[in-house]
Amino acid sequence: MYWAHLRNVWRSTTFLLGLWFMVLFSASVLIIGGFVYRQAMVFLEQELRGTIDLELNQSRQFYLERGEEIFLAEIGGLAELDPPGIYIILDDACQALAGGYKRLDDDESIQEICTGAPETDGWVRFELDIQRGFRAQIPEWDDDVYARIIPIAPNRQLLYGRMGGNIDSAREVVRSALNWGLAAMAVLAILGSFLMAGRIAGRLEQVNRISQEIRLGDLSRRMPQGQGGDEFDRLSGNLNRMLDQIQSLMEGVRSVSDAIAHDLRTPLARLRTRLERLRKAPPDEVKAGVEQSIAETDRMLATFNALLSIAQLEAGSRRTDFADVNMQALMVDIADLYEPVASEKNIELRLEHNAAVSLHGDRNLLFQAICNLVDNAVKYTPEGGRVQIELLRRSDGPRLVVSDSGPGIPPEERERVFERFYRLDAHRESAGNGLGLTLVAAVAKLHDSRVDMGDNEPGLRVVWDLPRSGSRA
Amino acid sequence: MHILVVEDDSTMARHIVHGLTEAGHDVDHVSDGRDMLRAAADDSVDMFVVDRMLPGMDGLSAIQAVRAAGNETPVLILSALGDVDDRVHGLKAGGDDYLVKPFAFSELIARIEALARRAASREVNTSLQVDGLHMNLLARQVFREDIEIDLKPREFQLLEYLMRNAGHVVTRAMLLEAVWHYHFDPQTNVIDVHVSRLRQKIDKGFEQPLIHTVRGIGYVLGTS
C-alpha cells in the first residue's frame with residue numbers, strides 16, 4: 001500500500017533531477033580525470049627521458065674512456081643487467097653494428113628509425129615485437145620503446161631505449177578507474193534518485209491522502225509533522241495552521257447559527273403561545289394581544305436587521321458611504337442625544353475632547369457604534385454614577401474612550417462580549433438583543449481599528465483607537 | 001393619494017398594495033422600470049414607491065429618468081439589506097426617502113405620509129399652528145394658549161417636526177433623522193426620553209395632551 005506510489009517514481013521530478021545530476025557529474029568527472037591523466041602522462045614521459053639521457057651520458061663516457069673494443073664487449077652484458085633497456089651502436093649511415101638490434105624486426109627497421117632521428121633531436125619511438133625477442137617471458141616488453149640516438153664518436157651513434165611500461169600501465173590504471181568509477185556512479189545515482197524520489201513521493205502521498213480525507217469530511221485530521229523542520233515539516237505545519245483556522249471559522253459559523261436559532265426560538269415560541277391564547281380570548285383582550293404580538297415581531301425583525309447589518313459590515317462591502325467625518329461634532333451630537341437619558345438616571349455624562357479630529361469613515365455607522373457604547377454605559381451604570389466620553393488626538397490616530405462607573409466586565413469575558421447574542425449572566429434579563437457590541441466590533445473592523453475593553457477601576461473603560469484620517473484602506 | 005408601487009417581487013408587491021389600499025390610498029402596481037416611466041408620463045401619480053433592484057431597468061435609473069423629464073413627484077426607495085449600501089446613491093439619484101427591507105408596515109405608511117405632506121407644503125412657513133400650539137419659526141418661540149414655553153434647540157426641532165407632521169405618526173427613526181441627521185433605527189429609549197421631556201413642557205398643566213405615543217411605532221401630535 002505504502003509502496004504503491006513507487007510505480008510513479010520513474011516519472012517523478014526528483015528521479016529525473018537525480019538522473020540529470022548524474023549526467024552532469026559524470027561529465028565533470030571525465031573532464032577532471034582527463035586532465036589528471038594528461039598531466040600524469042607528461043610527467044612520466046619526462047621522467048623516462050631523463051633516465052634515457054642519464055644512461056646515454058654514462059655510456060658515452062664509458063665509450064670514450066675505455067674505447068670501442070671494451071664498450072662493444074660490455075654492451076651485451078649491459079643489456080643483461082638492464083632488462084627494459086636496449087643499446088644499439090650504429091654508424092653514421094644508420095647501420096646497426098652491435099647491441100640488441102636483433103630484437104627489432106630487421107635491419108631496415110632500425111635504419112628507418114635512425115634516419116628520422118635528427119629531426120626530433122634524436123628522440124624516437126617504436127614498437128618492439130616481443131615474439132622475436134629473447135625475453136619473451138617478460139610481459140611488460142609488449143610495449144612502445146622510447147629511445148634517443150646520439151653521436152658518441154666519429155661515425156658512431158649510440159641508441160639507448162627504454163620500454164614505456166610505466167606510462168602504459170599508468171594509462172591503463174587511470175582508464176579503468178575512470179570506467180569503473182563512472183559505472184559505479186551511475187548505479188549509485190540511479191539507486192539514490194530512486195530512493196530519494198520514493199521518499200519524497202511517499203511524503204507527498206501522505207499529504208495527498210490526508211487532504212482527501214479532510215475533503216471527505218474529517219476536518220480533525222492533520223498532516224504528519226516531524227521534528228526535523230525541513231520544508232515538508234514546514235509545509236505540513238502551515239497546512240495544519242490553515243486547517244486549524246478553517247476549523248475554528250467553521251465552528252464560529254456553527255455557533256453563530258446555533259446562537260441565532262436559540263435566541264430567536266424563544267420569542268417565536270412566546271409569540272405562538274400568545275396567538276394560541278388569543279384565539280379563545282374575549283374581544284377586548286384581543287386588541288392588546290395583537291399589539292403585543294406586533295411589538296414582539298418588530299423586535300425579532302430588528303434583531304434580524306441587526307444581524308444582516310453586522311454580516312454586511314463584516315464582509316466589508318459598505319465602504320461606499322465613506323467620507324471625511326468631523327468626529328468632534330459627532331461626539332457633541334452623541335452627548336446631546338444621551339444627555340436626557342443620563343440625567344433621568346442622575347448620571348453625570350461628561351464629554352471631553354482636546355482637539356478637532358477628522359476621520360475617513362461612515363458617519364452613520366460611527367454614530368451608531370458609539371451610541372451603542374454610550375447606551376451600554378448609561379444602561380449598566382447605577383443611578384448617581386458617572387459616564388465619560390473622551391476624544392483624544394494622538395500621534396497615531398484619534399482615540400475614543402467611553403468609561404463608566406458601573407459594574408464593568410470580568411476580564412475573562414471581555415473578548416466574548418463581542419460575540420453575537422453573548423450577554424453577561426447578570427444582564428440577561430435587561431432589555432437588549434446581545435448584538436450591540438458585535439456591531440461595534442464590526443464597525444471598528446470596517447474602519448481598520450479595534451475596540452478593547454479595560455478596567456476603569458471601578459467600571460468599564462472602552463478604548464477605540466481609530467486610524468489616522470490619512471489612511472484610507 | 002394615487003401611489004404607484006414599482007416592485008418585481010409579487011408577494012411583496014401584493015403585501016404593499018394591500019396595506020396601502022387599507023390605509024385609504026389609490027394604489028397601482030407595475031413590476032419594472034419601463035412601466036414606471038410610462039406611468040410617470042401621464043402625471044396622475046402622486047407618489048412612487050420603488051424597489052431599488054428591478055429586472056430590466058433598475059430602480060435608480062428609472063428614478064433618474066423620471067427626474068430628468070422634470071417630474072418632481074416624491075419617490076420613496078425600498079432596498080433589501082445585503083445590497084451594497086446605497087442610501088446616498090438612492091437619494092442622489094432623486095429619491096426623497098429611503099427604507100430598508102424588511103420594514104415594519106407602520107414605518108412605510110408613516111414615511112409615505114410625511115413625504116406627501118412635505119411635497120404639499122413646499123412653501124416657506126414662518127409659523128406653525130396646531131390645536132392651540134403656536135410656533136414662530138423666525139423668533140424661535142413657542143406658545144400654548146398664549147403661554148410661552150421655553151424650549152432648548154433640540155426640543156424646538158423635535159416639536160417643529162412633530163407639528164409639520166401633525167395628526168400623523170412619526171417613527172423614532174424619522175425623528176432621529178430629522179433632528180440629529182443620522183440614519184438608523186435606534187433600538188433604545190433615547191428618543192423616547194427626549195420626547196417625554198418635550199411632553200413635560202408642552203402638556204404639563206394642560207388638560208388636553210398633544211403628544212401621544214403610538215405603541216410600537218412612534219408618536220403623533222394633535223388633539224385627536
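In which helix of chain B does B:Arg117 lie?

## B:Arg117 and its surroundings

In this predicted model, B:Arg117 belongs to helix α5 of chain B, the helix that covers residues 105-120. B:Arg117 counts as partly exposed because 15 C-beta neighbours lie inside 10 Å, whereas 20 or more would be needed for a residue to be classed as buried.

Once the neighbours within four places in sequence are left aside, B:Arg117 is in contact with B:Arg164 and B:Asn165. B:Ala166, which is 49 residues away from B:Arg117 in sequence, lies 9.9 Å from it in space when the distance is taken from C-alpha to C-alpha.

## A three-stranded sheet in chain B

Three strands of chain B form an open sheet in the order β10-β12-β11, and their pairing is antiparallel. Strands β10 (170-171) and β11 (211-214) of chain B each have a single partner strand and stand at the edges, so one side of each is left without a neighbour in the sheet. As a general matter, the strands of a sheet pair through backbone hydrogen bonds, in either a parallel or an antiparallel manner.

Between β10(B) and strand β12 of chain B, which spans residues 218-221, there are 2 bridges, and these two strands run antiparallel. B:Val170 has B:Tyr219 as its bridge partner in β12(B). Helix α6 of chain B (residues 153-164) packs on the sheet, where it touches β10, β11 and β12 of chain B, and the direction of this helix makes about 70° with that of β12(B).

## Chain A and the residue A:Ser403

Chain A contains 9 helices and 12 strands, and of its 473 residues 25% are buried. Among the contacts in chain A with a separation of 6 or more, 62% join residues that are 24 or more positions apart.

One residue of this chain, A:Ser403, lies in strand β10 of chain A, which runs over residues 397-404. A:Ser403 counts as buried because it has 23 C-beta neighbours inside 10 Å, and the cut-off for that class is 20 or more. Not counting residues up to four places away in sequence, A:Ser403 touches A:Gln388, A:Asn456, A:Gly459, A:Leu460 and A:Arg461. A:Glu457 is 54 residues from A:Ser403 in sequence, while the two C-alpha atoms are 9.9 Å apart.

## Nonpolar cores

The largest nonpolar core has 105 residues, and the members that touch the most others are A:Ile334, A:Val374, A:Val443, B:Val49 and B:Val50. Helix α8 of chain A (residues 363-380) gives the most to this core, contributing 11 residues. Apart from this core lies another one of 23 residues, including A:Ile88, A:Leu90, A:Tyr146 and A:Leu159. In soluble globular proteins, nonpolar side chains tend to be buried together.

For B:Val50, the contacts that remain when residues up to four places away in sequence are not counted are B:Val6, B:Met36, B:Gly59, B:Ala62, B:Ile63, B:Val75, B:Ile77 and B:Leu78.

## The contact between chains A and B

The contact takes 25 residues from chain A and 23 residues from chain B. On the side of chain A that touches chain B, helices α6 (283-314), α7 (327-344) and α8 of chain A each supply at least two residues, and the largest share, 10 residues, comes from α6(A). Sorted by class, this side of chain A has 10 nonpolar, 7 polar and 8 charged residues.

Note on methods: Residues are numbered from 1 along each chain as its sequence is written. Chains are lettered from A and ligands numbered from 1 in the order in which they are written. This is a predicted model: local features need pLDDT of at least 70, side-chain atom pairs count only at pLDDT 80 or more; totals for chains, interfaces and linings use all residues. A nonpolar core is a set of buried Ala, Val, Leu, Ile, Met, Phe, Trp, Tyr and Cys residues joined through C-beta atoms within 7 Å. A residue is buried if 20 or more other C-beta atoms lie within 10 Å of its own, exposed if 12 or fewer, and partly exposed in between; C-beta atoms are placed from the backbone. Helices (H or I, at least four residues) and strands (E, at least two) are DSSP runs, numbered from the N terminus. Two residues are in contact if their C-beta atoms, placed from the backbone, lie within 7 Å. Ala, Val, Leu, Ile, Met, Phe, Trp, Tyr, Cys and Pro count as nonpolar, Asp, Glu, Lys and Arg as charged, and the others, Gly among them, as polar. Two strands pair if DSSP finds at least two bridges between them. Axes are lines fitted to C-alpha atoms, for helices over the stretch in contact, and angles run from 0 to 180 degrees between N-to-C directions.
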